[in-house]
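User: I would like a close look at one part of this protein, with the charged pairs treated first and the helix packing after them. Please take the reasoning step by step and place that part within the chain as a whole.

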Amino acid sequence: MRYLLNSWLCCLLSAVSFGQSTDTQDFVIKKERVHDYEQIFSPDEIHQLDSMLTDCWKKGIAEIAIVTIDQRHTDSENFDSYVFNKLTAYALGEYGKNNGIVIAISKQLRQMRIENGYGIEKILSDKETKKIIDEQFIPEFKEGRYYNGTLNGLTALIGTVEEAMQEYDYRDESVLFQPSVFEKIKRFVLENGKPQTFRNIDSDNPSYNFTSLDVFLGPSRHNAFVLKDFSVAEYYEMTIRDNDGSHYQFVCFDGDITQQTFIKKKMQPGRVYWLYPGDKFFSSDIWPLLAQIEDEIAQRSDRQ
């Protein structure tokens, strides 16, 4: 069974439908996610698969399309190239994320292929993709149960990507949030802050209340900050809480850390990472907060 991970090259025009109202004409775009050209699924099965794919997209996990083809489209020898060149446009993914996945199936040609965008390629390896194909799709396909195999494979694929996203949901912001600035803020909080309960796993986080925001350090050991029984390196996680209640979490560590609660895969020492940034932007959401923190630290230093 062949599989390949690659990026999308071209765009797809979605199906368009129009809705009428008494005053205006609504323009509605209907995104089809199951393209059953080979007609191996029933209408109810297509509806079930489409619901899963739509939910996956709404959750921001990935854009996935299922396409079935037969010898009218290509032959066994050219199946792989046809899928890559002709079908990847069915699921481009979100702009800038390249998180599209195309599952191509051919009952007649007895072949299938999974094409992933670069964003998915970073978190889903060739080995993991092949494992899903071999263990979830193929056993049911061999028994002629194409819907069951597709349902099993799709469930496993979405679950694997969603879990991997949690491990890789961070951004390296070391250029704008320099490690030296992280270290300066951390030492200021450790020297001037007070213990404060922040999370149920941290009973005495070092914290400092700036004019319109708070800074918490973690992860803490029970009573470590209260008793001053810690090394500076232990506090490698920093959470900034804005006055509107928004939380922004960063990590920066050096060397081996015993407590690795917030250290994710492929993170490197000496870098500043923003955990779970979502749709926030550093320039508009974080930069003003850092500027305020540094300004207040400088003012306090001038008074001493």
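**Charged pairs and helix packing**

Analyst: Asp 80, Arg 113 and Glu 115 are linked in a network of salt bridges. The model is a predicted one, and the count of salt bridges in it comes to 14. Side chains of opposite charge can pair when their charged atoms come close.

Several of these pairs can be described one by one. Arg 72 forms a salt bridge with Asp 70, and their closest N and O atoms are 3.0 Å apart. The two partners differ in how they are covered: Arg 72 counts as exposed because its relative accessibility is 60%, whereas Asp 70, at 9% relative accessibility, counts as buried.

Another pair lies within a helix. Asp 134 forms a salt bridge with Lys 130, with the closest N and O atoms 2.5 Å apart, and both residues belong to helix H4 (residues 126-142), where they are four residues apart, about one turn of the helix. Asp 134 has a relative accessibility of 32% and therefore counts as partly exposed, and Lys 130, at 37%, counts as partly exposed too.

A further salt bridge joins Glu 140 to Arg 145, the closest N and O atoms being 2.5 Å apart. Here Glu 140 counts as buried, since its relative accessibility is 18% and the limit for buried is under 20%, while Arg 145, with a relative accessible area of 38%, is partly exposed.

From the charged pairs we can turn to the packing of two helices. Helix H1 (residues 43-58) and helix H5 (residues 146-168) pack with their axes 11 Å apart and at an angle of about 5 degrees. That angle makes H1 roughly parallel to H5, because angles under 35 degrees count as roughly parallel. On the H1 side the residues that meet H5 are Glu 45, Gln 48, Leu 49, Met 52, Leu 53 and Cys 56, and on the H5 side they are Tyr 147, Thr 150, Leu 151, Leu 154, Thr 155 and Ile 158.

Cys 56 allows a closer view of this contact. Cys 56 is placed in helix H1 and is buried, with a relative accessible area of 1%. Leaving aside residues up to four places away in sequence, Cys 56 touches Ile 61, Ala 62, Ile 64 and Ile 158. Of these partners, Ile 158 is 102 residues from Cys 56 along the chain, yet the C-alpha atoms of the two are separated by 7.3 Å.

That pairing can be set beside the figures for the whole chain, which has seven helices and 14 strands. Among contacts with a separation of 6 or more, 60% are between residues 24 or more positions apart. Buried residues make up 45% of the 304 residues, and the accessible surface comes to about 16400 Å², of which 48% belongs to carbon and sulfur atoms.

The surface also carries a nonpolar patch, formed by Val 175, Leu 176 and Trp 287, which together have about 340 Å² of accessible area. Val 175 sits in the loop between strand E8 (170-172) and helix H6 (179-192), and with a relative accessibility of 69% Val 175 counts as exposed, in contrast to Cys 56, which is buried.

Conventions. Residues are numbered from 1 along each chain as its sequence is written. This is a predicted model: local features need pLDDT of at least 70, side-chain atom pairs count only at pLDDT 80 or more; totals for chains, interfaces and linings use all residues. Side-chain values use heavy atoms; hydrogens and water are left out. Patches are made of residues with over 30% relative accessible area and no salt bridge: like charges are joined within 9 Å, nonpolar side chains (Val, Leu, Ile, Met, Phe, Trp, Tyr) within 5 Å. Accessible areas come from the Shrake-Rupley method with a 1.4 Å probe; for residues, only the protein chains shown count as cover. A salt bridge is a side-chain nitrogen of Lys or Arg within 4 Å of a carboxyl oxygen of Asp or Glu. Buried means under 20% relative accessible area, exposed over 50%, partly exposed in between (1.4 Å probe, protein chains only). Axes are lines fitted to C-alpha atoms, for helices over the stretch in contact, and angles run from 0 to 180 degrees between N-to-C directions. Angles under 35 degrees count as roughly parallel, over 145 as roughly antiparallel, 65 to 115 as roughly perpendicular and the rest as oblique. Contact means heavy atoms within 4.5 Å.
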